[in-house]
Amino acid sequence: MKDTFFITTPIYYTNWVPHIGHAYSSILADVIARYQKISGKQVKFSTWVDENSQKAIASAEELWMETVSYLDMMAQKHKAVWDWLDIKYTDFIRTTEPRHHDFVREVLQKSFDNGDIYEWEYEWMYCVGCEAFKKDDDLVYLNKTTWATFPIDKKVVESDNIIKVCPDHLKTPDKIKEKNYFFKLSKYQEFLEDFYRENPDFIVPSERYNEVKAFVKRWLDDFSISRETNKFGIRLPFDETQVTYVWYDALFNYLTVCDRPHPNPLLTKERGQEQNDMKFWPANLHVVAKDIIRFHAIYWPAMLESAWYEIPKQILTTGYLTVDWQKISKSLWNVIDPVEFSEKYSKDLLTLYLLSSFNIWQDWDFDTKQAILTYNAKLANNLGNLVNRVVVLSLKMWTEWLNWIIDEEIKSKLDDYVYIFNHSANDYNLKDTLDLSFKFLDDLNKFADTKQPWQTIKEESLQTETSDVLYTIAEWLRQVWLNLYAFFPEKMSEMFIKLWLENYSESLESGKLNELRQKQEVFNIKEKWEALFLRIDV
Ligand code: MSP
């Protein structure tokens, strides 16, 4: 039985189609899922849409559409983006599906029976943009003349011109006074603190973990898990007049896909007709950005503990992307569509830029010119040149002349490379894996420059030496390609075929990365070919 690996992306709101920021999370998760799969794990990878949100309902109203037709349309639009970008999810979920409704009602009932949910009438503020309750501390002042914001200060007097707003959406939250049900988060404070202590790697990177721990240490308020006035969403099983708060329902998507796998026959067939995927729980990895870390790191473990489920192993938290140093937003007209971008420059360019140009904990301003330069330097030049050199030289030599000998010094570098690559990939540190691979290719280019096989090949007496050098380069490259397959599967597959390593993609897809690494292969190059990664003009 293979080891299992379950990875998730956030489920995205459907008030708009996914932009480059959403694509960042999905591409990151996709590469990790692919790497785990080629390393032999049985992978489950879930994604798709969070539909019971007020934002989506408002968007449907703006378009004069029925909520359900709007949601159907947007779910398909989202799916088309992920399919176009070749995100290889194994499970997809819409939170309006009956399986999700049933499941959420079941867990709500459990927590209610445990005494963790109680009724209370209260008055609070709610920001629809965030789909979250707000306190005064969470807001800032906005000067409506200058559009400048500044921190809440007791000395400032609110006026028509100076108003309190949500710092992310610059809107005054709605005031709500109604009967709600609350989840006793405060009861779980000690539990959470113990859990964090016992699981020092629960959130990576550690900077984000520290923020969460500091927050929990201060004080945890119970939070509202239902709305009286909303009509759309999942009804509470113990009070049908109330609809479940969107975050309470959304987080449980990760469990719905395990407990109630999608009835889609294709997926069911691949899985061998299994009706339940609970063997994948607890999830190995949730990929999220920093904006939703508190929901995942504080609410979610407490909600799971209350309903007697195990807590996921890790949360990988990215920074936030901006465009022109501004929040990405349709009202600012700075939205970059990942499909259009990839059509223009290639998906490989997007993947390389997002995963190699900055660290995961950093916020980053998306810069198209920089993305092109990175691609030209790393894929077109560094990798492309080396491939060309090997192809041209191998064409000149009979493959039978190639020995199986690798330069000793290079051999130890190669072993180190593979070892560290694995280590970083299993730590989900994709920037390191890419940096390492391109550094390794730099060294290999230097090795070729020193050994000058294109000169020695002309001397009959140096044929053995030339052959060793060529084999060394070829073997080194082969190892890099195997590692880069998870990032650039299409191009790497093309490369394998051109090198007559024909069964490679298939073997990788069935989890044989390590076996292929151990193989001895001699490339059998029969003809010249076009460069795989073409340079792009800036
Ligand atoms: N529906 C909730 C998530 C529920 S998960 C149980 C939600 N949806 S969202 O559509 O707003 O997407 C949030 C996620 O999209 C972020 O956490 C992040 O993963 C990704 N990103 C959206 N914009 C982003 C940037 N500008 N930069 C980086 N990631 C971004 O919140």
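Student: In which sense do strand 18 (residues 321-323) and strand 19 pair?

Tutor: This is a predicted model: local features need pLDDT of at least 70, side-chain atom pairs count only at pLDDT 80 or more, and totals for chains, interfaces and linings use all residues. Residues are numbered from 1 along each chain as its sequence is written, and side-chain values use heavy atoms, with hydrogens and water left out. Strands (DSSP runs of E, at least two residues, numbered from the N terminus) pair if DSSP finds at least two bridges between them. Strands 18 and 19 have two bridges, and the sense is antiparallel.

Student: Which residue is the bridge partner of Thr-322 in strand 19?

Tutor: Strands of a sheet pair through backbone hydrogen bonds. In strand 19, Thr-322 has as its bridge partner Lys-327.

Student: Which are the edge strands of the open sheet with the order 19-18-20?

Tutor: This sheet has three strands and mixed pairing. An edge strand here pairs on one side only. That picks out strand 19 (326-327) and strand 20 (364-366).

Student: Why is one side of strand 13 and of strand 14 left without a neighbour in the sheet?

Tutor: Strands 13, 15 and 14 form an open, antiparallel sheet in the order 13-15-14. Strand 13 (226-227) and strand 14 (235-236) stand at the edges, so one side of each lacks a neighbour: each has a single partner strand.

Student: Which residue stands opposite Arg-227 in strand 15?

Tutor: Strand 13 and strand 15 (residues 239-244) run antiparallel and share two bridges. Opposite Arg-227 stands Val-243.

Student: How many bridges join strand 5 (residues 117-127) and strand 10 (residues 174-183)?

Tutor: One pair in these strands is Trp-124 opposite Ile-176 of strand 10. Strand 5 and strand 10 are antiparallel, and their bridges number 10.

Student: What is the bridge partner of Phe-182 in strand 12?

Tutor: Strand 10 also joins strand 12 (residues 223-224), antiparallel, by two bridges. In strand 12, Phe-182 has as its partner Ser-224.

Student: Which ligand distance involves the side chain of Ser-25?

Tutor: Count a polar contact with the ligand as a pair of N or O atoms within 3.5 Å. Ligand oxygen lies 3.0 Å from a polar backbone atom of Tyr-13, and ligand nitrogen lies 2.9 Å from a backbone N or O atom of Leu-321. For an N or O atom in the side chain of Ser-25, the distance to a ligand oxygen is 2.6 Å.

Student: How much of the ligand's accessible area does the protein cover?

Tutor: Accessible areas come from the Shrake-Rupley method with a 1.4 Å probe. On its own, the ligand has 660 Å², and the protein covers 95%.

Student: Which residues around the ligand come nearest?

Tutor: A residue is near if one of its heavy atoms lies within 4 Å. There are 23 such residues around the ligand. Those that come nearest are Ile-11, Ser-25, Asp-50, Asp-291 and Leu-321.

Student: Why do Cys-166 and Cys-130 not form a bond?

Tutor: A disulfide is a pair of cysteine sulfur atoms within 2.5 Å. By this rule the count is zero. The sulfur of Cys-166 has its closest cysteine sulfur in Cys-130, and that is too far for a bond, at 3.7 Å.

Student: Is Ser-342 buried or exposed?

Tutor: Buried means under 20% relative accessible area, exposed over 50%, and partly exposed in between (1.4 Å probe, protein chains only). The side chain of Ser-342 has a polar atom 2.7 Å from the backbone oxygen of Pro-338. At 4% relative accessibility, Ser-342 is buried.

Notes. Polar contact = N/O pair within 3.5 Å; in protein donor to acceptor, adjacent residues only side chain to side chain. Helix = DSSP H or I, 4+ residues; strand = E, 2+ residues; numbered from the N terminus.
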